[in-house]
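Here's a quick briefing to read with the model open beside you. Take a moment to turn it around before you start.

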Amino acid sequence: MRWVRANGLDLCVETTGTGPPLLFLGGTGWDLRRTRIPLGSPLADHFTVALFDQRGQGRSSKPPGPYTMCDYAQDARGVLDALGWDRAHVVGYSFGGMVAQELAIRHPARVDRLVLAAATSGGAGGCSYPIHEFLGLPPAERARRGLEIADTRFPALLASDPERARSLIEARQKNQMRFIDEPGAREGLKGQLEARAAHDTFDRLAAIEAETLVVAGTFDGQAPMGATKA
């Protein structure tokens, strides 16, 4: 793990693996201290994988808002610069898929192949669920609503196996509350959610030059399959 200077910010970055460079852009609230799955995945057997705490998150800089999706794309480009990667494969998951779209549109020469997982274009193409509306809810309710949206089968689990469902709610709530009282953490999350709510690349998707794979989940209520097909 190290910090790099990118787009005027200090961003916390970790790399692992060997092979062609691959930048992984994580979802809302991702923090290297608790969400490191891409670094330990089979991707690292084939690529040099970089994952970083985006602005307002984890141990990266948390500048005053508002934030925009353009800001996040410029941050990602800055990370590529700092790593010395002129061109890289890019995988964007959920919020990271939105950032990846902006990066590929604004800086096509920097993106080799593109994977958009559980991400929507916004606008006329369809939007992801407005999870920014959950921010003011009590922690347990926010965790429950998040699970209901993340997997549309969760309400059925809540009815058939309430004990297991409650344990999942408690685990999600605990994870959400970790590090939230660090300086700037709540403001950073709010800024990220506001940028997410304003995301709209639909009319610019044709500008993406990279060969692109779009991945959607059958039971994903946050980025419904109908919206990701746009």
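Which residue takes a positive phi just after H1? That's Gly84, with a phi of about 75°. Keep in mind that this is a predicted model. With that said, let's start with the sheet and then move on to what packs against it.

**The sheet**
- Seven strands make up an open sheet with mixed pairing, in the order S1-S2-S4-S3-S5-S6-S7.
- At the edges sit S1 (2–6) and S7 (211–215), each of which pairs on one side only.
- Going from one strand to the next, the twist averages 25°.
- As a bit of background, strands of a sheet pair through backbone hydrogen bonds, and they can do so parallel or antiparallel.

**Strand S5 and its neighbours**
- S5 covers residues 88–93, and because five of its six residues are buried, this strand is largely enclosed by the rest of the structure.
- S3 (residues 21–25) runs parallel to S5, and four bridges join the two.
- Along that pairing, Leu23 stands opposite Val90 in S5, while Phe24 has Val91 as its bridge partner.
- S6 (residues 111–117) also runs parallel to S5, joined to it by five bridges.
- Here Tyr93 has its bridge partner in S6, namely Ala117.
- To get from S5 to S6, the chain passes through helix H2 (residues 95–106), making a right-handed β-α-β crossover.

**The helices**
- H1 spans residues 69–83, so at 1.5 Å a residue its 15 residues should stretch 21 Å; the end C-alpha atoms are indeed 21 Å apart, which agrees.
- Plenty of H1 is tucked away: its buried residues include Met69, Tyr72, Ala73, Val79, Leu80 and Leu83.
- Among the other buried residues of H1 are Gln74 and Asp75.

**How the helices meet the sheet**
- S1, S2, S3, S4 and S5 are all touched by H1, which packs on the sheet with its direction at about 115° to that of S1.
- H2 packs on the sheet as well, touching S3, S5 and S6, and its direction makes about 140° with that of S5.

**A closer look at Thr16**
- You'll find Thr16 in strand S2 (residues 9–16).
- Is Thr16 buried, partly exposed or exposed? Its relative accessibility is 28%, so Thr16 counts as partly exposed.
- Leaving aside residues up to four places away in sequence, Thr16 touches Leu39, Ala44, Phe47, Thr48 and Val49.
- Gly188 lies 172 residues from Thr16 in sequence, and their C-alpha atoms are 26 Å apart in space.

Technical notes: Residues are numbered from 1 along each chain as its sequence is written. This is a predicted model: local features need pLDDT of at least 70, side-chain atom pairs count only at pLDDT 80 or more; totals for chains, interfaces and linings use all residues. Side-chain values use heavy atoms; hydrogens and water are left out. The expected span of a helix is 1.5 Å times one less than its number of residues. Buried means under 20% relative accessible area, exposed over 50%, partly exposed in between (1.4 Å probe, protein chains only). Two strands pair if DSSP finds at least two bridges between them. A crossover is right-handed if, with the strands pointing away from the viewer, the path from the first strand over the helix to the second runs clockwise. Contact means heavy atoms within 4.5 Å. Axes are lines fitted to C-alpha atoms, for helices over the stretch in contact, and angles run from 0 to 180 degrees between N-to-C directions.
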